[in-house]
Amino acid sequence: MDKLICAGCGAEIQTEDESAAGYAPKSALERETVICKRCFRLKHYNEVQDVDYDDDDFLEMLQQINDTDSLVVQLIDIFDFNGSLIPGLNRLTGNNPVVLAANKMDLLPKSVNLNKVEKWLRREAKEAGLLVEDVHLISASTNQGIDELAKAIEQKRSRKDVFVVGTTNVGKSTLINELINRSTGIKDAITTSYFPGTTLGFIDIPLDDHSSLYDTPGVIQRHQLAHYVSDEDLKLITPQKEIKAKIYQLNEEQTLFFGGLARMDFVKGEHSSFVCYLSNRIPIHRTKMEKAGHITENRIGEMLVPPDENSLSKLPQWKRQTFRIPEGKHDVVISGLGWIMIPEGEVTVHIHAPEGVKISLRESLI
Ligand code: GDP
């Protein structure tokens, strides 16, 4: 039998092991376009089936880029920069040039200065040890910046192959579908979804007679909150439109709960503003710090949602981390949830969040 590739995710089609990638029942092979059972269910019922790829498999797959002469487009989620950057990407992809495309710019408040954001991206990428040729701000869903990106790819690849890499949920399928749509007029060529990890193999999209654009598997980052919540909650925490900043003026010893997914205690400092950038569908609850422990013990999943029941069974215990924020505008980032901007700085906060979810401090994005 010739090697068959799933038209949805690119995994090699096999009919033996139902729990592994690319499984399709024999009857499916007779169709003109073959897709695996997982993509079939995703497409028709919006269900996700887990397959047993682990994180190392994904990185190993990416490492194949090392042996190619190509252009790499690393797609990141501007809403979760730290969570969506692939550590050691240059090592995995060899000497091939990297274009950084920051997706979901439609989520940023309209008032932001895009030049400043671009500079910020360059600085953060450099600090993370990622060497990039070019930086683009795009939105795969509203098409902002896509023309410029497509043009830059065409110019920089100089007839070589292109590999699009990114962690799960950054919008890789949406972007590639848009690029395919532009060049061929075919809509939704790749299965898109709300759910992480739907793109399993390399999908080969011919660009011209001797080169292709490859969709690579979405790298799973365990420190992204997305992996610990139910599908319903993932829809709530993934912002769909422009984020409305919510501003709180707090005194020492006050606490903010972000749904029941994390909490910030303002431990020390003068009366300060805290500007929260999260999905508009995560309610924020303000309380006194002395009550916060009791609320954490008793009200999560009940007064404080999300998490729903399914997420509660998956989420690790909360862990506390202390941040002493220096003078000047800084963001405390809770990977996958959003960030809190502290305009004046000079405060100490405790962040309580599920253990394993990355929390970091950075110079303010906005
Ligand atoms: P993949 O896992 O990287 O292939 O990501 P998908 O293309 O499946 O997208 C993941 C989620 O992000 C879906 O809910 C998309 O609707 C959403 N998404 C993708 N691109 C954008 C964008 O430019 N802006 C916004 N707001 N959401 C996006």
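Biologist: How many other C-beta atoms does Glu 346 have within 10 Å?

Modeller: A word first: this is a predicted model. Burial is read by counting neighbours; 20 or more would make a residue buried, and 12 or fewer exposed. Glu 346 has 15 other C-beta atoms within 10 Å, so it is partly exposed.

Biologist: What is the sign of phi at Glu 346?

Modeller: Positive. Phi at Glu 346 is about 55°, although the residue is not a glycine. Glu 346 sits in the loop between strand 14 (338-342) and strand 15.

Biologist: Which loop holds Glu 253, and what is its phi?

Modeller: Glu 253 lies between strand 7 (246-250) and strand 8. Its phi is positive, about 70°, and again this is not a glycine. Glu 253 counts as partly exposed because it has 13 C-beta neighbours inside 10 Å.

Biologist: Now the sheet. In what order do the five strands run?

Modeller: Read a sheet by its pairings, one strand to the next. Here the order is 11-8-9-15-12, the sheet is open, and the pairing is antiparallel.

Biologist: Why is one side of strand 11 and of strand 12 left without a neighbour in the sheet?

Modeller: Strand 11 (284-288) and strand 12 (318-325) stand at the edges. Each has a single partner strand, so one side of each has no neighbour in the sheet. From one strand to the next, the twist averages 20°.

Biologist: How many bridges join strand 9 to strand 15?

Modeller: Five, linking residues 262-268 of strand 9 with residues 347-354 of strand 15 in antiparallel fashion. For one register point, take Lys 268: its bridge partner in strand 15 is Thr 348.

Biologist: Which helix packs on the sheet?

Modeller: Helix 9, residues 289-298. Helix 9 touches strand 8 (254-258), strand 9, strand 11, strand 12 and strand 15. Its direction makes about 125° with that of strand 11.

Biologist: What follows helix 9? Which residues does the cis peptide bond with omega of about -15° join?

Modeller: Check omega for each peptide. The bond you ask about joins Val 305 and Pro 306. A cis bond also joins Pro 306 and Pro 307, with omega about 20°. Pro 306 is in the loop between helix 9 and helix 10 (309-314), and Pro 307 lies in the loop between those helices too.

Biologist: Step back. What are the domain bounds?

Modeller: The assignment gives domain 1 as 53-221 and domain 2 as 236-363. Their C-alpha centres lie 29 Å apart.

Biologist: How many residues does each domain put into the contact?

Modeller: Domain 1 gives 10 residues and domain 2 gives 11. On the domain 1 side, four are nonpolar, two polar and four charged. The size of an interface is often given as the accessible area lost when the parts come together.

Biologist: And the whole chain? What is its radius of gyration against that of a compact globule?

Modeller: Compare with the value for the chain length. For 366 residues a compact globule would come near 21 Å; the chain has 21 Å, so the two agree. Along its principal axes, the C-alpha trace spans about 70 × 40 × 30 Å.

Biologist: What percentage of the residues count as buried, and how many helices and strands are there?

Modeller: Of the 366 residues, 42% count as buried. The secondary structure comes to 10 helices and 16 strands. Now sequence separation: among contacts between residues at least 6 apart, 72% join residues at least 24 apart.

Conventions: Residues numbered from 1 in each chain as written. Predicted model: local features only at pLDDT ≥ 70, side-chain atom pairs only at ≥ 80, totals over all residues. Helix = DSSP H or I, 4+ residues; strand = E, 2+ residues; numbered from the N terminus. Rg over C-alpha atoms; globule rule 2.2 N^0.38 Å. Contact = placed C-beta atoms within 7 Å. Pairing = 2+ DSSP bridges. Axes fitted to C-alpha atoms, helices over the stretch in contact; angles between N-to-C directions. Domains from an automatic or database assignment. Nonpolar A, V, L, I, M, F, W, Y, C, P; charged D, E, K, R; others polar.
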